Amino acid sequence: MPKRYSKAEIERFLRGRRVCVLGTIGPDGAPVLTPIWYLYRDGRILMRTARNSVKARNIAGDARVSVCVQDERPPYASVTVYGKASVEPADDKLAAGIARHYLGRVAGAAYLRTARQAVEQGEEVTLVVTPERFLTQDFSPETPWFGKAWLVLKRVLPPSI
């Protein structure tokens with residue numbers, strides 16, 4: 001049975017540098033999943049996107065969302081957030097904060113000056129997810145010591161081993 005996180009562990013995990021997958025509901029009721037950068041601040045998940053993006057349009061039509069944040073390295077852990085989202089005006093401080101969070105101070109500043117124009121399309125908005133409940137799982141307590149040692153070695157050994 002995977003370990004369940006406490007509130008403090010959830011907050012620490014969500015403040016990490018991981019890409020999340022945002023789940024919205026399309027006009028036909030089908031789920032729409034989108035990998036996206038985010039920041040976790042004051043108990044909310046903040047993202048940036050274009051006002052005309054599919055995710056912003058879906059949230060405008062149905063505020064129910066899920067967000068999955070996972071550690072992609074074994075022994076694996078994840079936090080899935082279920083809640084409501086809103087589309088709010090753009091925040092330039094958020095743009096700089098997200099770029100710095102994922103790329104560091106120097107590359108984040110360069111992104112804001114150059115790559116941002118190539119990546120972003122249209123008027124920008126902020127997506128704000130307010131969590132209502134969490135599902136967490138951490139498989140590290142179930143991993144025996146020799147499994148943990150092997151996982152550490154795999155990070156430095158050639159991929160063919």
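## Ring contacts and the buried side of helix α1

Arg-133 is placed over the face of Tyr-82, at 4.1 Å from the ring centre. A second contact of this kind involves Phe-13: the charged end of Arg-18 sits over the ring of Phe-13, 3.8 Å from its centre. The model described here is a predicted one.

Phe-13 also belongs to the buried part of helix α1, which spans residues 7-14. The buried residues of this helix are Glu-9, Ile-10, Phe-13 and Leu-14. Around the helix axis they cover an arc of only 130 degrees, which means that they lie on the same side of α1. Strands contribute to the cover over these residues: it includes β3 (39-41), β5 (64-71), β6 (77-89) and β7 (124-138).

The structure contains three aromatic pairs. Trp-37 and Tyr-102 form a stacked pair, because their ring centres are 4.7 Å apart and their planes meet at 5 degrees. Trp-37 is located in the loop between β2 (31-36) and β3, whereas Tyr-102 is in helix α3 (residues 92-113), so this pair ties together parts that are 65 residues apart in sequence. Trp-37 also pairs with Tyr-111, and here the arrangement is tilted, with 5.8 Å from centre to centre and 55 degrees between the planes. Tyr-111 lies in helix α3 and Trp-37 in the loop between β2 and β3, so the link joins parts that are 74 residues apart in sequence. Through these ring pairs, Trp-37, Tyr-102 and Tyr-111 are linked into a cluster.

The members of the cluster have the following relative accessible areas.

| Residue | Relative accessible area | Class |
|---|---|---|
| Trp-37 | 28% | partly exposed |
| Tyr-102 | 11% | buried |
| Tyr-111 | 13% | buried |

The two tyrosines are classed as buried because a residue counts as such under 20% relative accessible area. Trp-37, at 28%, is partly exposed.

A further feature concerns the backbone at Asp-42. This residue is in the loop between β3 and β4 (44-50). Its phi angle is near 50 degrees, a positive value in a residue other than glycine. Asp-42 has a relative accessibility of 78% and therefore counts as exposed.

Strand β3 thus recurs in this description: it is among the elements that cover the buried residues of α1, it follows the loop that holds Trp-37, and it precedes the loop that holds Asp-42.

Terms used
Residues numbered from 1 in each chain as written. Predicted model: local features only at pLDDT ≥ 70, side-chain atom pairs only at ≥ 80, totals over all residues. Heavy atoms only, no water. Buried < 20%, exposed > 50% of the residue type's maximum accessible area, 1.4 Å probe, protein only. Helix = DSSP H or I, 4+ residues; strand = E, 2+ residues; numbered from the N terminus. Arc of directions from axis to C-beta. Contact = heavy atoms within 4.5 Å. Phe/Tyr/Trp six-rings, centres within 6.5 Å; stacked < 30°, edge-to-face > 60°. Lys NZ or Arg CZ within 6 Å of the ring centre and 35° of its normal.
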